[in-house]
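Hello,

Here is the structure we talked about handing over. Please open it first, then read the notes underneath.

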Amino acid sequence: MSRILFSICLRVAWLAIALALGNAPAHALTPEQVRAMAVGESDERAAAIAQTAASGDPKAFEFFQALLADEVKALGSAVFIVQDGKARDAASGAAVALPEGAEDVINSNRLRREIDTALASLKLFSPDSSQRAAAVRELRDGVDATRLPLIAKAIAAESDAGLKAALELLRANIQISSADKAQRLEAAKALAGSAHSATQALLLERLEPGGEADAQVRAQLRASLSAVQSRLAWGERLGVLFTGISLGSILLLVALGLAITYGLMGVINMAHGELMMIGAYATWLVQNVFKSVVPGAFDAYILAAIPLSFLAAALVGAALERSVIRWLYGRPLETLLATWGISLVLMQGVRSLFGAQNVQVENPAWLSGGVEAFSNLTLPYNRIVIIAFAALVLGAVALLIAKSRLGLFVRAVTQNRAMAACTGVNTARVDTFAFALGSGIAGLAGCALSQIGNVGPDLGQGYIVDAFMVVVLGGVGQLAGTVFAALGLGVLNKLLEGWAGAVLAKIMVLVFIVVFI
């Protein structure tokens, strides 16, 4: 009985201890630690912050965040965290009355960088793998030898194989400058597996005169540099390919409308770029309406801007066709001169309404940022979406021309206008609908372009020549040819830019088109 009673008492005692620990304050920093990090000279404070972060104590996380947010005050040796008008002792976390005379703790830029590094160090032990990955990225450029014990601890605790490899590369980045030759040699071997441009810069720095003196280590550094540069070269090649496809998708959007008005109808429309501009300004207006009327739904404004930009440009195109173009069919020179004059009128009208300065269209949150494919290659979301959008528009236009009643009438009028009229087709109405369709697609191109640059009265001038080149190179009236020409010119232009520069690349592309034709 006495043994059972003793066992029960022992369990009750352990339960009491557990409850006491569970109810203990979450702040385990000592007053001395807090004071050293908040009061004194910058060098001393930076050393104290680094020492606390190196301990790996997760309870310092909140204090570092308060320091960054300028929510820490001090009076003498006492340090307080003040949030929402309420003060707490920075060490114990107990609520206190903020004494009069407490002054803000001022952090220099250097201290803020040190605090950022300290926060990243503590994130290495977060249960969230995405936070740990972000911590590794943050530490790549600002870590030093004082963090080695912390990184070794994080490597031992890391369960994710990819993150463990990234941490080992991070440790190698530090050890490459070690006084121990064996450590430097091991670090040089480890860095051969890196694919980061920062590693390339580090290896080049170590190979400079006055860097690495040991011949064996230098040989390994050169071998590692060659391996890293080989990986980075793939990122650069894929980057050129992606930017070429991105430019090609934009040219495709711009040229699709022109492929209808010029390729199918034979109208040389020099105002096509201004119809793009109208679509871009329609997007800007929709953005402003959402921002002022329904700010909570701002990220969805682009979904409303797409049909409205199409409609605005289509209406202007229909009015243009009914008032001017319809009298000029079969007279290409007069059409060119008339539409060029209309383009000047449209540009001046926009300047009078909205001003001569560019206006900024903001990306929705879901179009901001990008996908990191390589350390030196990030694929922006807005350009990825524009590529997909161009493919959708192309599919819709192909279906419309090939399968719809309007497409049948357009093809009939294009092939034999007189015979189509004899069968009862209202050719004048078909011309208006076709021109409005081409103009509306130009408006969609303007909507897409607004997501990758500023919108101004001269927006369309930079694309009209390229659009005509795409249509002519792809074959007049050939949608498939337009696709191949747009993507081909986009990739070719970016390849030549990297080799000869932007201006010479344009000239070489033009010469290629002339020779090809």
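**Helix 19 and D466**

D466 sits in helix 19, which spans residues 464-474. This is a predicted model, so keep the confidence notes further down in mind. Is D466 buried or exposed? D466 has a relative accessibility of 13%. The cut-off for buried is under 20%, so D466 counts as buried. Leaving out residues up to four places away in sequence, D466 is in contact with L251 and K506.

The rest of the helix follows a clear count. Of the 11 residues in helix 19, 9 are buried, and the helix is mostly covered. Besides D466, the buried residues are I464, A467, F468, M469, V470, V471, L473 and G474. What comes just after helix 19? There, G475 adopts a positive phi, at about 105°.

**Nonpolar surface patch**

Now to the outside. Five names to select in your viewer: W234, L238, L241, I245 and L487. Together they make a nonpolar surface patch of about 420 Å². Which helix gives the most to this patch? Helix 11 does, with 4 residues; that helix runs over residues 215-264. W234 is in helix 11. As background, an α-helix has 3.6 residues a turn, so residues three or four places apart point the same way.

**The sheet**

There is an open sheet of 5 strands. Its order is 4-3-2-1-5, and the pairing is antiparallel. Strand 4 (95-96) and strand 5 (103-104) are the edge strands, each pairing on one side only. Further in, strand 2 (residues 78-83) pairs with strand 3 (residues 86-89). That pairing is antiparallel and covers 4 bridges. Which residue of strand 3 does F80 stand opposite? The partner is D89.

**Confidence**

Last, how far the prediction backs itself. Mean pLDDT for the protein is 81. A value of 70 or more is reached by 91% of the residues. Where is confidence lowest, and where is it highest? The low end is helix 1 (residues 2-22), with a mean of 38. The high end is helix 13 (residues 301-323), at 93. Over residues 1-27, pLDDT stays under 50. For that stretch the model has 8 contacts beyond four places in sequence.

Best wishes

How values were computed: Residues are numbered from 1 along each chain as its sequence is written. This is a predicted model: local features need pLDDT of at least 70, side-chain atom pairs count only at pLDDT 80 or more; totals for chains, interfaces and linings use all residues. Side-chain values use heavy atoms; hydrogens and water are left out. pLDDT is the predictor's confidence in each residue, from 0 to 100. Helices (H or I, at least four residues) and strands (E, at least two) are DSSP runs, numbered from the N terminus. Contact means heavy atoms within 4.5 Å. Buried means under 20% relative accessible area, exposed over 50%, partly exposed in between (1.4 Å probe, protein chains only). Patches are made of residues with over 30% relative accessible area and no salt bridge: like charges are joined within 9 Å, nonpolar side chains (Val, Leu, Ile, Met, Phe, Trp, Tyr) within 5 Å. Accessible areas come from the Shrake-Rupley method with a 1.4 Å probe; for residues, only the protein chains shown count as cover. A salt bridge is a side-chain nitrogen of Lys or Arg within 4 Å of a carboxyl oxygen of Asp or Glu. Two strands pair if DSSP finds at least two bridges between them.
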